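Thanks, everyone, for making the time. I would like to walk you through one model this morning, beginning with the whole chain and then settling on a single helix, so please have a look at it first.

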Amino acid sequence: MGRTQGQLFSSSSGEMQHPLSLRQISIPKGLGYLTVIPPRNLLCMRSNFLFGSRCWMIRFSAEILLKSVSFRLFSVKCGNANSESLENEKLLNNLLTMGVDVDMAKKRQPGVFNRTGTKEQELKMFLLSKGASKEVIASVISRYPRAITRTPESLSERWDLWRKIMTSDLEIINILERSPESFFRSSNNLNLENNIKFFYSVGLTHKCLSRLLTNAPRTFSNSLDLNKQMIEFLQEVSLSLGYNKPGDFVRKIILKNPFILIQSTKRVKTNIEFLQSTFSLNNEKLLVLLCGPGAKILDLSNDYVNRNYTNIKEKLLFLGCTEEEIHKFILRYPDVIFLGEKKFNDKLDCLIEEKLSISQIIENPRILDSSINTLKSRIKELVNAGYNLSTSNIALLSWSQKRYKAKLKKLNIE
């Protein structure tokens, strides 16, 4: 049988074009996708009968017919597409039956819905066995759908490791309800186990680890090396400030600020340098500040700290405060650094408008914890009860609601 070269022609001109040497051509149309693999040269023919634009017509030799392994005309993904579609439909039905907010889940982690072999039913049974309600389970999956990709064996092992720190299953469920990512973000149980061993080895107590897991569980998903870097850095800071109990220093910092281990050493170092240079603190005073209220701001963005400090300083200077008074005000209550520019200015303006003096505010910085609405309503209630804010203690503006109401009731009776 004579050998004929495979050729492709263009019917738009009716003339033979230069042969094209192609190994593989894919047309992402039709059933799944279409792959044409010719063994030799091809030319192009325009046609409207199949794809409406351009299709491929192939003349092949007898040799190709006899040796089918050298030529594959179509490679169509059909069975897989159908099975994936059925799998996804089953997944969606399962999640909807469980009360999961599928729209939320798709927005958060859409890739999960392209996976096969998810384990939503196994996850449900596992969490139910630990005491979680159906509502909590639905909420967990809605906010962190990747949870349904974890195997029951991995979940059980991870749960046991968490129980080495937490005293009950209910405590873990409460953390999952608040932050499902903290438990399901990583499936590296060996890393979790190594982190726990490391924290105990450097002197962190069960109380410290419990606080970390409750407030900053992501710490345990950090790589071991990352946690080592921060712990060693804090130990070095302790020694550089003349405090020869670095383990004690680290414990105090973590108890005050459990989020510090999920920040970079560069950020923490820059904030420590800012505090020392801005407020002209010697090592002893800096040590007291870091082990106390100053620890809370160590994990803040350096730009945020600088911007808020500059705003506080400018505003208080404008209101007649000296720089020394401003420094005392901030060191007495470093939490004021958390207040953004607008919030700080608005609260201060509100208090000034209500006839409070700036000296009163400086002496009672905690009143800035209260919202503007709370400040206004309490000032109005106190004035109506005959309380003279200009000569009396204004600290009650920041008291708890229960304590404040008891005081207000007493004032009204008097």
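The accessible surface of the protein, which I should say at once is a predicted model, comes to about 22800 Å², and 51% of that surface belongs to carbon and sulfur atoms. Of the 414 residues in the protein, 42% are buried, and the secondary structure consists of 20 helices and six strands. If we take the contacts with a separation of 6 or more, 68% of them are accounted for by residues 24 or more positions apart.

Now to helix H15, which runs over residues 302–318. At 1.5 Å a residue its 17 residues should span 24 Å, and because the C-alpha atoms at its ends are 24 Å apart, the expectation and the model agree.

Which residues of H15 are buried? They are Val305, Asn308, Tyr309, Asn311, Ile312, Lys315 and Leu316. Looking down the axis of H15, we find these buried residues within an arc of 165°, so they line one face of the helix. The general background is that an α-helix has 3.6 residues a turn, so residues three or four places apart point the same way.

As for what covers the buried residues of H15, the cover includes helix H13 (265–278), helix H16 (323–332), helix H17 (341–353) and helix H18 (358–363). On the face turned away from the buried side, H15 carries the exposed residues Asp303, Glu314 and Phe318. Finally, just after H15 comes Gly320, which takes a positive phi of about 100°.

Definitions and conventions
Residues are numbered from 1 along each chain as its sequence is written. This is a predicted model: local features need pLDDT of at least 70, side-chain atom pairs count only at pLDDT 80 or more; totals for chains, interfaces and linings use all residues. Side-chain values use heavy atoms; hydrogens and water are left out. Helices (H or I, at least four residues) and strands (E, at least two) are DSSP runs, numbered from the N terminus. The expected span of a helix is 1.5 Å times one less than its number of residues. Buried means under 20% relative accessible area, exposed over 50%, partly exposed in between (1.4 Å probe, protein chains only). The arc is that of the directions from the helix axis to the C-beta atoms. Contact means heavy atoms within 4.5 Å. Accessible areas come from the Shrake-Rupley method with a 1.4 Å probe; for residues, only the protein chains shown count as cover.
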